[in-house]
Amino acid sequence: QVQLVESGGGLVQEGGSLRLSCAASGSFSSISAIAFMAWYRQAPGKRRHLVAVISTDGSTSYTDSVKGRFTASRDDAENTMSLQMNSLKPEDTAVYYCAIKRRMPENDIWGQGTQVTVSS
């Protein structure tokens, strides 16, 4: 079973940038029935929300609150996903998770999460 490990979280001032990385323990190509790859976040006391989607064709989409500030990407040669976050705001503070969503949700693969804290 492929596992995902995130890194790159931390404390940053408002307006700053962070780059999150998500490394797979195995090859993306070894994972069957991928629906899409994604980044989610969960703020304290709130539900987990979808932030960015990387489709199987490489196209990306974003939730409105991060459009123009966040950029998601994948590197199939390195088996990594990334989330470049610019112009960070205090409301971006959350635990960020990478995920590989499968056609059968019970087979989804999640990272352990990485904390991002933006101070005002």
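This passage describes a four-stranded sheet, the principal nonpolar core and two residues of the predicted model. Local features require pLDDT of at least 70 and side-chain atom pairs count only at pLDDT 80 or more, while totals for chains, interfaces and linings use all residues. Residues are numbered from 1 along each chain as its sequence is written, and side-chain values use heavy atoms, with hydrogens and water left out.

Strands are DSSP runs (E, at least two residues) numbered from the N terminus, and two of them pair if DSSP finds at least two bridges between them. Four strands form an open sheet in the order β1-β3-β8-β7, with antiparallel pairing. Its edge strands, β1 (4-7) and β7 (70-75), each pair on one side only. Strand β7 is joined to β8 (residues 80-85) by 6 bridges in an antiparallel arrangement; alanine 72 has leucine 83 of β8 as its bridge partner.

The largest nonpolar core (buried Ala, Val, Leu, Ile, Met, Phe, Trp, Tyr and Cys residues joined through side-chain atoms within 4.5 Å) holds 30 residues, of which Trp39, Phe70, Met81, Leu83, Met85, Tyr96 and Ile100 touch the most other members. At least two residues of this core come from each of β3 (18-24), β4 (34-42), β5 (49-55), β7, β8, β9 (94-102) and β11 (114-119). Beyond its neighbours within four places in sequence, phenylalanine 70 is in contact (heavy atoms within 4.5 Å) with residues including Val51, Tyr62, Leu83, Met85 and Tyr96.

Serine 82 lies in strand β8. This serine counts as buried because its relative accessibility is 9%, buried meaning under 20% relative accessible area with a 1.4 Å probe and protein chains only. Leaving aside neighbours within four places in sequence, serine 82 contacts Arg19, Leu20, Ser21, Trp39, Thr71, Ala72 and Ser73.

Note on methods: Buried means under 20% relative accessible area, exposed over 50%, partly exposed in between (1.4 Å probe, protein chains only).
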